[in-house]
Amino acid sequence: MLLQAKRVTHYFGGLCAVSDFNLDLEKGELVGIIGPNGAGKTTIFNLVTGVYRATEGNIEFDGVELVGKRPDQITNLGIARTFQNIRLFRELSVLDNVRIANYAQMKYNPVEALFQFGRYAQEEVRTIDEAMDFLSVFKLQDYAEETSKNLPYGNQRRLEIARAMATHPKLLLLDEPAAGMNPGEIVQLMDFIGWIREQFDLTIILIEHQMRLVMGICERIKVLDFGATIAEGTPKQIQNDPQVLEAYLGEGVEP
Amino acid sequence: MAKRWLLPVLLVAGFLLSFAIPILNLVNPYYQLILMYIGINIILSTSLNLVNGYMGEFSVGHAGFMAVGAYIAALLTTQLIPDNLLGWMFPLTVLVAGAGTALVGLVVAIPSFKTRGDYLAIVTIAFLFIVKSVFENIEAIGGPRGIPGIPKLTTLPWTYIWTVLTVWVIRNFVYSNFGRGVLSIREDEIASDLMSVNTRQVKLLAFVISAFFAGVAGALFAHVLQFISPRVFDIIKSTDILIMVYLGGIGSIAGSILGATIFTVLLEVLRPLQEWRMVLMPLVLVFLMIYRPTGIMGLREFRWFIPGRDLFARQRWQQKKEASNAAAS
């Protein structure tokens with residue numbers, strides 16, 4: 001078991017954003033989380049990555065308890081994520097965006113940095129080469145010196161995933177990667193997600209509104225509504241679940 | 001590579017010149033004094049830029065740190081160090097003043113960084129007021145009258161050496177892993193956390209380094225002015241340093257050097273205006289914020305200051321790739 005969430009509950013003041021969320025994730029799986037706006041999907045990502053601390057419940061990753069750990073510690077354990085609304089380091093270069101994700105892997109201390117001795121030079125060269133290699137895997141090497149806010153939208157999405165991958169994760173959390181994409185781009189994105197999964201031997205959790213994407217690539221889907229899990233199963237099962245239809249389309253009217 | 005070798009040559013030339021000017025009396029003593037103030041102001045603006053420009057926080061307490069450094073150094077040279085050793089002990093005195101200030105910086109930073117933005121500004125203002133009233137109320141260090149009769153130990157060569165050292169060290173920091181952490185906090189702190197940056201550690205580090213150099217500047221300042229009192233380090237002094245940073249440009253070392261130089265020279269040129277200077281300078285800040293909020297150099301850097309490793313990263317990587325491909329085939 002790679003990730004296990006047990007009875008995770010989170011309140012914002014009096015509002016219950018997530019209630020009794022359970023998830024068992026095996027290594028190599030691709031699981032989707034869907035649900036209407038405000039159902040608590042992104043909150044779950046924020047709980048797993050330590051941005052919020054769960055009010056109740058446990059989250060275990062690779063046998064380590066995550067609740068109470070800082071986000072950077074959780075990232076170092078091997079969980080990376082992207083954001084619903086792209087959150088690149090906008091004024092920094094594409095290369096620096098990826099190099100920052102290498103932060104915890106750098107092996108020199110502040111004194112070595114201030115006076116440029118010891119492992120400093122060697123580590124700096126290593127991180128540049130590694131970041132450039134990453135960029136070339138994601139076909140972004142030609143933009144390395146570009147300020148990241150100047151990239152076209154699709155490449156910003158791609159860079160955000162490249163940056164997340166540069167932290168060397170075992171588990172990748174994708175928060176609405178298809179937001180703002182047209183159907184053609186979504187097909188490309190599906191291929192792309194499948195490809196990074198193979199390439200990096202990844203486990204993925206995907207939050208998405210685009211049914212085409214979710215139904216196309218997820219093996220298992222959880223449906224959330226008002227913080228509660230209302231259905232779980234394969235894409236086929238979900239598509240025919242009356243509760244899911246109700247959450248999305250509203251209650252049926254008796255004829 | 002555009003003549004990058006010129007930079008070290010210029011630095012050595014500057015060093016020799018800093019000796020030649022006072023010995024040969026190349027320019028009159030008034031101009032020598034202004035040169036020393038320019039150096040001290042460069043140290044102040046570069047170190048404040050680390051927190052306000054590179055990290056995007058808003059600290060207003062820089063004059064407070066300067067005061068701590070000035071008092072530590074002045075007490076050492078007036079009370080502790082015997083007169084015949086003063087000259088030799090001066091670099092060590094400045095170093096101790098910097099280290100002491102860095103320690104105070106650490107104490108201030110821990111509560112300060114539980115807050116952000118406006119709140120950090122308020123915490124640092126409070127710090128400034130605390131420092132001022134502490135110094136005013138301790139009779140043993142002169143109380144409101146301050147410390148008179150400080151030996152004039154700051155010379156042009158020492159100012160030059162400390163200025164170059166400050167700029168070099170802060171540049172090294174900015175272009176290191178930790179510096180990139182600092183930048184990422186400015187851009188997006190949550191994303192930074194989630195990219196494995198230990199933001200708490202990085203913030204403390206930046207703040208402590210900034211305080212260290214403010215202390216160094218304070219020590220040098222006390223030994224030019226030869227007299228310090230709590231009133232010298234009030235909110236106006238902090239505002240002056242802020243003007244230098246925002247005039248020159250946030251997130252830019254070249255900007256800090258430019259800002260400090262322009263500000264110091266302008267202050268002297270406008271001296272005939274007397275009190276009206278104090279109206280003009282804030283007005284400069286107002287117009288700056290409206291028409292060019294990032295300052296003259298805003299977020300850009302003089303190419304010679306950027307390590308070649310960073311500047312030619314993609315080029316070098318490509319060459320390496322081609323070389324290894326050629327070797328393989």
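Helix here means a DSSP run of H or I at least four residues long, a strand is an E run of at least two, and both are numbered from the N terminus. All the views below come from a predicted model, with an ipTM of 0.92 and a pTM of 0.93. Chain B has an average pLDDT of 92, and 99% of its residues score at least 70.

**View 1. Helix α2 of chain B, with a kink at B:L48.** This helix covers residues 29-54 of chain B, and its 26 residues should span 38 Å at 1.5 Å a residue, so the 36 Å between its end C-alpha atoms agrees with that estimate. Look for B:L48 in this close-up: a kink of about 35° in α2(B) is centred there. Most of α2(B) is covered, with 19 of its 26 residues buried. Just past the end of α2(B) sits B:G56, whose phi is positive at about 75°.

**View 2. B:N25, in the loop leading from α1 to α2 of chain B.** The loop in question joins α1 (6-24) to α2 of chain B. B:N25 isn't a glycine, yet its phi is positive, at about 55°. For context, most residues other than glycine have a negative phi. B:N25 counts as exposed because it has 10 C-beta neighbours inside 10 Å, and the cut-off for exposed is 12 or fewer.

**View 3. Helix α5 of chain B and what packs over it.** Running from residue 117 to residue 137, the 21 residues of α5(B) should span 30 Å at 1.5 Å a residue; the end C-alpha atoms are 31 Å apart, so the two agree. Its buried residues are B:L120, B:V123, B:T124, B:F127, B:L128, B:V131, B:K132 and B:F135. An α-helix has 3.6 residues a turn, so residues three or four places apart point the same way. Among the elements covering the buried residues of α5(B) are α3 (62-80), α4 (86-112) and α10 (235-248) of chain B.

**View 4. Helix α11 of chain B, and its cover.** Here the 17 residues, 253-269, should span 24 Å at 1.5 Å a residue, and the end C-alpha atoms are 24 Å apart, so the estimate holds up. The buried residues of α11(B) include B:I253, B:A254, B:G255 and B:S256, plus B:F263 and B:T264. The cover over the buried residues of α11(B) includes α2, α6 and α10 of chain B.

**View 5. B:F173, in contact with residues of both chains.** B:F173 belongs to helix α6 (residues 156-174) of chain B. It has 22 C-beta neighbours inside 10 Å, so B:F173 counts as buried. Setting aside neighbours within four places in sequence, B:F173 is in contact with A:A113 and A:L114 from chain A, and with B:F178, B:G179 and B:I209 from chain B. B:I209 is 36 residues from B:F173 in sequence, but their C-alpha atoms are 9.3 Å apart.

**View 6. The contact between chain A and chain B.** Chain A puts 34 residues into the contact and chain B puts in 26 residues. On the chain A side, α2, α3 (94-100), α4 (110-115) and α5 (120-137) each supply at least two residues. Which helix gives the most to the side of chain A that touches chain B? That's α5(A), with 5 residues. By class, this side of chain A has 18 nonpolar, 5 polar and 11 charged residues.

**View 7. The two domains of chain A.** Domain 1 takes in 1-78 + 169-255, and domain 2 takes in 88-162. Their C-alpha centres lie 28 Å apart. Across the boundary, 6 residues of domain 1 of chain A are in contact with 5 residues of domain 2. On the domain 1 side, the elements giving two or more residues are α2 (71-77) and α7 (183-200) of chain A. That side divides into 2 nonpolar, 2 polar and 2 charged residues.

**View 8. Two loop residues of chain A, A:D142 and A:E176.** A:D142 lies in the loop between α5 and α6 (153-165) of chain A, and is exposed because 12 other C-beta atoms are within 10 Å. A:M132 is 10 residues from A:D142 along the chain, with 9.6 Å between their C-alpha atoms. A:E176 is in the loop between β7 (171-175) and α7 of chain A. Its phi is near 45°, a positive value in a residue other than glycine. With 19 C-beta neighbours inside 10 Å, A:E176 counts as partly exposed, since buried would take 20 or more.

How values were computed: Residues are numbered from 1 along each chain as its sequence is written. Chains are lettered from A and ligands numbered from 1 in the order in which they are written. This is a predicted model: local features need pLDDT of at least 70, side-chain atom pairs count only at pLDDT 80 or more; totals for chains, interfaces and linings use all residues. The expected span of a helix is 1.5 Å times one less than its number of residues. The bend at a residue is the angle between axes fitted to the seven residues ending there and the seven starting there. Domain bounds come from an automatic or database domain assignment. Two residues are in contact if their C-beta atoms, placed from the backbone, lie within 7 Å. Ala, Val, Leu, Ile, Met, Phe, Trp, Tyr, Cys and Pro count as nonpolar, Asp, Glu, Lys and Arg as charged, and the others, Gly among them, as polar. pLDDT is the predictor's confidence in each residue, from 0 to 100.
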